[in-house]
Amino acid sequence: MNRYRPRTLALELVMIGTALFVGFPVYVLVNLAVRPASDTSSPLSPTASPTLHNFTQAWQQGALGGALANSVLVTACSVAIVLAVSSLAAYPLARVASRWSRGTYLLVLLGLVLPFQLASLPLYQTMRDLGLLGTPWALVLFYSGLQVPFTVFLYVGFLRALPRDFEDAALIDGCTPLQGFRYVVLPMLKPITVTALVLNAVAVWNDFFTPLLYLSGSAQQTMPVAIAGFVGQYVTDWNLIFAALVISILPVLIVYFLLQRSIINGFAGGLRG
Amino acid sequence: MAKARRAHNTPPWWFALPALLLFAFVVLVPSVRGVYYAFTDWDGLDPHFSFVGLGNFADMFNDADAMQAIWHTLLIAVSITVIQNAVGLLLALGVNTAIKSRNLLRVFLFAPAVITPIVTAYLWRNLLGPDGAVNTLLGAVGLDGRQQDWLGSPSLALWAVVGVIVWQFAGYSMVIFLAGLQSVPQEIHEAAALDGAGPVRRFWSVTRPLLAPAFTINLMLSIIGGIKLFDQVYALTGGGPGHATDTLSTLIYKDAFTLGEFGYSIALAVVLTIIVAVVSTGQYLALARNERAVS
């Protein structure tokens, strides 16, 4: 890094100004969320007498606790399944040099460009026939399959850059391939597993289209669908809506700020491949 | 374990089976079925439906809403790709300098990208409303004449959608560019500076070629994300006013679940698929050639 010059100071001020500009909507969000409905002053001026009343009301009326639990359940189960099956699948796909392996890998990568709208409409019928509509299990099943291409892609890229000496040694020492995977390959995959975990968790947690389809009309909602329902119901009561929005993003932001270093590096590194 | 001793050191193919079964059940088989339904007049419920050949696709050409949605989809995708990556690159260059707050700024500027898109969309729906914070802010700095009903005006709403996406994901592009920038060796920069190259020349001749992989990833992600866009449009404008912001995704949802035109809706999804495939293949080939040219 170069020395700190007057020009650097100017740049510093410009960047901080930009950050404040980016943060401005969040200031308004929090400012209005703590504002009693009687206060109709400008959304920019700080709330005179902040209250937490909107939060308790939004929590109770929006059934947000149930939605939060559902989102946690769906995200945890889907991500666990997709990481397990994808890392296992990536092992032969990255190591076996055959036409079969290459063809299968390309088939899986095809899933990266297929828009999920194409698959999720026909799958809606199958989910209905299986009696899964309206349950979180429809979502777990959906994401477990939907996220396979991207996750396999991350794992295969990472595995190809790893030397095979350790696996070969383990197999010569008498490990079965499954033991070799469990005790030798999987520990080496840890960095990309963290990346894949974060990227998948963000994608599953934030998705709205699929739960809107598969859970509509049921009491079992995920957070984005519960929020959409809440906005529809309290359409003009923005202080209450904003409190609900704050509640829904708080868990994500807490996790983000606690793990920001590995999340940012994961996004950059995992995608750089 | 004599048998294991002579085991060839390649993992067995059945390791891939669980992932393949899930992928086939959730993505492959339904996608193939989707293509089949695109040639029928199925309403999604009635077990009796008939084969209409290319009827749905012919209808699409006579459906002004569908043509408009295709146009909006492409316009949004291209605008987002250009603006989001330009802003992201500027941010990355800004925080990849000697400024003291650089680490804090990275964390802060990336934060919008992890927030649920539908939540940021509802937030912005309020901010961009007639009495929202954006208009209040414009009034406060004396730009009353610029106050607008941003989402209520057919000509502005589409750009408001683009603006919200850029606000949310510019930090995402920034992080990927930043990863690329950090692979640019400082010595090359210094050598170029000694040779008398100014900052613009140094960026163009030294940094830009080394950023080629970051460009590839960023452009692919934002254009595919832009084409498939649903959540933000649904929550910001619902496709309105009128059909001014309807994209293929919102139209697919409306046709399938509010109009019961499942066959027609899935035909739109097939068109969406073709657009994604053509654009991403073209982009991939162009960028791969570019990456080879600079390496």
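A salt bridge here is a side-chain nitrogen of Lys or Arg within 4 Å of a carboxyl oxygen of Asp or Glu. With that rule, a search of the whole structure, which is a predicted model, turns up 4 salt bridges over all chains. The legends below visit some of them, along with the interface and a few single residues.

**Figure 1. The interface of chain A and chain B, a meeting of 93 residues with 91.** Let us start where the two chains touch: 93 residues of chain A are in contact with 91 residues of chain B. About 8300 Å² is buried between them, and carbon and sulfur atoms give 79% of that area. Helix H1 (residues 6-33) of chain A supplies the largest share of the side of chain A that touches chain B, with 15 residues. Sorted by class, that side of chain A has 69 nonpolar, 16 polar and 8 charged residues. How many salt bridges cross the interface of chain A and chain B? The rule finds 0. Polar contacts are another matter: 10 residue pairs are counted between chain A and chain B, both partners at pLDDT 80 or more.

**Figure 2. A salt bridge between two helices of chain A, A:Glu167 with A:Arg95.** The side chains of A:Glu167 and A:Arg95 meet with N and O 2.7 Å apart. A:Glu167 belongs to helix H8 (residues 165-172) of chain A and A:Arg95 to helix H3 (residues 64-95) of chain A, so this pair ties together parts that are 72 residues apart in sequence. Buried or exposed, where do A:Glu167 and A:Arg95 stand? Both are buried.

**Figure 3. Two further salt bridges of chain A, A:Asp39 with A:Arg35 and A:Asp129 with A:Arg128.** In the pair of A:Asp39 and A:Arg35, the closest N and O atoms are 3.7 Å apart. A:Asp39 and A:Arg35 are both buried. For A:Asp129 and A:Arg128, the closest N and O atoms are 3.9 Å apart. A:Asp129 is exposed, at 63% relative accessible area, while A:Arg128 is partly exposed at 33%. As a general reminder for this view, side chains of opposite charge can pair when their charged atoms come close.

**Figure 4. A:Pro122, a buried proline that touches chain B.** Look for A:Pro122 in helix H5 (residues 116-129) of chain A. Its relative accessible area is 0%, so A:Pro122 counts as buried, the cut-off being under 20%. Which residues does A:Pro122 touch, leaving out those up to four places away in sequence? They are B:Pro30, B:Arg33, B:Gly34, B:Tyr37, B:Phe262 and B:Ile266. A:Val108 is 14 residues from A:Pro122 in sequence, and their C-alpha atoms are 19 Å apart in space.

**Figure 5. B:Phe15, a loop residue in contact with chain A.** On the chain B side, B:Phe15 sits in the loop between helix H1 (2-5) and helix H2 (17-37) of chain B. B:Phe15 is buried, at 0% relative accessibility. Setting aside neighbours within four places in sequence, the contacts of B:Phe15 are A:Leu88, A:Ala89, A:Tyr91, A:Pro92, A:Pro177, A:Leu178 and A:Phe181.

**Figure 6. Helices H12 and H13 of chain B and the loop that holds B:Pro241.** B:Gln232 lies in helix H12 of chain B and is buried, with a relative accessible area of 6%. Beyond its neighbours within four places in sequence, B:Gln232 is in contact with B:Pro117, B:Ala121, B:Ile165, B:Gln168 and B:Phe169. In the loop between helix H12 (231-236) and helix H13 (248-257) of chain B you will find B:Pro241. A cis peptide bond, with omega about -5°, joins B:Gly240 to B:Pro241. Why is H13(B) described as largely enclosed by the rest of the structure? Because 8 of its 10 residues are buried, among them B:Leu248, B:Tyr253 and B:Asp255.

**Figure 7. A:Ala63, a residue with positive phi in a loop of chain A.** A:Ala63 is not a glycine, yet its phi is about 50°. A:Ala63 is placed in the loop between helix H2 (53-61) and H3 of chain A. This residue is exposed, with a relative accessible area of 52%.

**Figure 8. Confidence along chain A.** The mean pLDDT of chain A is 90, and 97% of its residues reach 70 or more. Among the elements of chain A, H3(A) has the highest mean pLDDT, 96, and helix H14 (residues 260-272) of chain A the lowest, 79.

Note on methods: Residues numbered from 1 in each chain as written. Chains lettered and ligands numbered in written order. Heavy atoms only, no water. Contact = heavy atoms within 4.5 Å. Buried area = accessible area lost by both parts, 1.4 Å probe. Polar contact = N/O pair within 3.5 Å; in protein donor to acceptor, adjacent residues only side chain to side chain. Helix = DSSP H or I, 4+ residues; strand = E, 2+ residues; numbered from the N terminus. Nonpolar A, V, L, I, M, F, W, Y, C, P; charged D, E, K, R; others polar. Buried < 20%, exposed > 50% of the residue type's maximum accessible area, 1.4 Å probe, protein only. pLDDT = per-residue confidence, 0-100.
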